[in-house]
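The report that follows reads a two-chain model from its core outward. Please keep the sequence and the coordinates at hand while going through it.

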Amino acid sequence: MKSKNILIVENKEQERKLFEYLIGQLHPCASVDTGEDALNYIAQNPVRLVLLTLHLADLESLDFFKNTKKLCGESCMLVGLTSNLQQVNVPFYHSLGFEEVLSKPIRPKEFILKIQSLLEKQEKEKIKNPIVPESLPILNIEVYQQLLRLSTQEVIRQVYVDFIQECLSLSELLIPNELPSEEILRAIHTIKGNSGTLGAEKIHVAAKSSESAARQQKSIDFAESVHYLKVAFAEFQEYLNKYPNEYGA
Amino acid sequence: MAHDQMKILVGEDSSIIINLTKSVLAFENYSLKAARNGKQVLEMLAEEDFDLILMDITMPQMDGIQCTKEIRKLADPKKNSIPIIAISGNAANHTPEDFRKFGFDDFIQKPLNYDLVLATVKKILS
């Protein structure tokens with residue numbers, strides 16, 4: 001089942017139900033009616049799009065918007081809703097990180113198409129700017145050769161085998177939609193350092209991104225980074241198996 | 001390799017880094033013993049003399065900064081003046097001045113570049 005990573009924040013019940021119904025046709029979604037509930041939801045769930053009315057009664061709007069972006073991460077989209085589009089300073093909301101500000105009342109068909117196009121745009125951005133670029137080497141041969149110069153091939157080989165075992169043990173503990181415990185975060189930090197030292201570049205970049213997202217409590221960014229981290233682990237393991245004697249030979 | 005075999009203690013919780021460092025330093029005729037946390041570093045230092053400590057900052061139970069502060073408070077002048085090199089994965093959080101204030105003689109940033117590790121060890125022990 002897809003997780004509910006679209007959040008609707010609307011204090012008017014009728015409108016909230018309409019948005020739920022319309023967006024629910026595209027993607028599972030959650031809804032809340034106060035800013036406080038929204039922040040609680042965002043803090044505990046990976047959210048990729050927040051649709052929210054700009055006029056919430058219970059929170060200072062500016063603080064709320066800033067916190068929302070901070071909690072969700074850069075990849076999360078904010079879409080504002082207002083019944084006074086003429087009076088709203090749209091460039092100001094864009095400067096806060098809003099992708100769009102839509103006018104209420106909405107036209108259902110247009111609204112669905114708009115949300116759908118935003119989600120597609122988000123997917124394309126992800127493909128265009130992956131957390132771990134495909135061009136990065138799985139193993140930096142220069143680092144490997146430096147280690148060979150300073151030790152023996154047998155020792156270095158064993159270090160790489162131990163390293164991938166450590167990675168695979170961590171992999172089993174990583175749950176993409178859940179921010180990690182302090183213990184798991186420490187293990188990610190260790191993998192980040194070790195991968196850099198050993199020249200496992202894809203793992204290093206993915207671990208760095210995972211650690212950073214987790215420390216900033218950005219759950220959706222963490223989920224994405226963990227996906228890349230697990231792929232990088234699998235690629236590295238395959239690489240070690242492919243070159244049983246000397247890496248990159 | 002003109003030096004007599006010098007004894008280095010590494011405080012590091014990752015067995016991968018311990019094994020790698022041990023191998024690289026042995027290649028240069030240094031002997032290396034490892035402690036997995038700051039408390040163990042203090043225990044081993046109490047029992048044995050070392051020429052240098054490589055100290056990871058992030059360790060369980062007692063971190064490298066706390067451990068270094070404890071070492072600098074020891075009564076034995078030989079122990080409390082031992083050269084200590086910090087190894088930090090979050091060096092961006094501290095300035096070189098911070099490391100000196102914590103009691104370190106030098107610091108190396110993770111990911112480790114072993115040419116730099118060796119150069120720093122040789123410089124401190126020369």
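Which residues touch the most other members in the largest nonpolar core? This is a predicted model, and in it the residues in question are A:Leu7, A:Val50, A:Ile203, B:Ile53 and B:Ile85, out of the 87 residues that make up that core. Helix α10 of chain A, residues 219-242, gives the most to this core, with eight residues, and the core draws at least three residues from each of domain 1 (6-128) and domain 2 (141-242) of chain A. On the chain B side, B:Ile53 touches B:Leu9, B:Gly11, B:Val41, B:Ile82 and B:Ile84, when residues up to four places away in sequence are not counted.

**Chain A and its two domains**

The secondary structure of chain A comes to ten helices and five strands, and its C-alpha trace spans about 70 × 35 × 30 Å along the principal axes. Of the 249 residues of chain A, 36% count as buried, while 63% of the contacts between residues at least 6 apart in sequence join residues at least 24 apart. Chain A is divided into domain 1 (6-128) and domain 2 (141-242), whose centres, taken over C-alpha atoms, are separated by 34 Å. Ten residues from domain 1 of chain A and nine residues from domain 2 of chain A take part in the contact between them, and on the domain 1 side these residues divide into six nonpolar, three polar and one charged.

**Where the chains meet**

Between the chains, 16 residues of chain A are in contact with 16 residues of chain B. On the side of chain A that touches chain B, the elements giving two or more residues are α6, α7 (153-173) and α8 (182-198) of chain A, and α8(A) gives the most, with seven residues. By class, that side of chain A has five nonpolar, eight polar and three charged residues.

**Two helices of chain B**

Helix α6 of chain B, residues 114-125, has twelve residues and reaches 16 Å from its first C-alpha to its last, close to the 16 Å expected at 1.5 Å a residue. Which of its residues are buried? They include B:Tyr114, B:Val117 and B:Val121, and because these cover an arc of only 50° around the axis, they are on the same side of α6(B). An α-helix has 3.6 residues a turn, so residues three or four places apart point the same way. On the other side of α6(B), B:Asp115, B:Leu116, B:Ala119, B:Lys122 and B:Lys123 are exposed. The cover over the buried residues of α6(B) includes α6 (141-150) of chain A, together with α1 (15-27), β3 (52-56) and β5 (106-109) of chain B.

In helix α3 of chain B, residues 64-72, the buried residues are B:Gly64, B:Ile65, B:Cys67, B:Thr68 and B:Ile71. They cover an arc of only 160° around the axis, and therefore they are on the same side of α3(B). Here the covering elements include β1 (7-11), α2 (38-47), β3, α4, β4 (84-88) and α5 (96-102) of chain B.

One residue of α4 (77-80) of chain B is B:Lys79, which touches B:Leu45, B:Ile71 and B:Leu74, not counting residues up to four places away in sequence. Is B:Lys79 partly exposed or buried? B:Lys79 is partly exposed, because 15 other C-beta atoms lie within 10 Å, whereas a buried residue has 20 or more. The C-alpha atoms of B:Lys79 and B:Phe50, 29 residues apart along the chain, are separated by 8.3 Å.

**Backbone features in the loops**

The table collects backbone angles of interest, with the loop in which each residue is found.

| Residue or bond | Angle | Loop |
|---|---|---|
| A:Lys104 to A:Pro105, cis | omega near -5° | A:Pro105 between β5 (98-103) and α5 (108-128) of chain A |
| B:Lys110 to B:Pro111, cis | omega about -5° | B:Pro111 between β5 and α6 of chain B |
| B:Asn29 | phi near 70° | between α1 and β2 (31-35) of chain B |
| B:Gln61 | phi about 65° | between β3 and α3 of chain B |

B:Asn29 has a positive phi in a residue other than glycine, and it is exposed, with 12 other C-beta atoms within 10 Å. B:Gln61, which is not a glycine although its phi is positive, is exposed with 12 other C-beta atoms within 10 Å.

Terms used
Residues are numbered from 1 along each chain as its sequence is written. Chains are lettered from A and ligands numbered from 1 in the order in which they are written. This is a predicted model: local features need pLDDT of at least 70, side-chain atom pairs count only at pLDDT 80 or more; totals for chains, interfaces and linings use all residues. Helices (H or I, at least four residues) and strands (E, at least two) are DSSP runs, numbered from the N terminus. The expected span of a helix is 1.5 Å times one less than its number of residues. The arc is that of the directions from the helix axis to the C-beta atoms. Two residues are in contact if their C-beta atoms, placed from the backbone, lie within 7 Å. Domain bounds come from an automatic or database domain assignment. Ala, Val, Leu, Ile, Met, Phe, Trp, Tyr, Cys and Pro count as nonpolar, Asp, Glu, Lys and Arg as charged, and the others, Gly among them, as polar. A nonpolar core is a set of buried Ala, Val, Leu, Ile, Met, Phe, Trp, Tyr and Cys residues joined through C-beta atoms within 7 Å.
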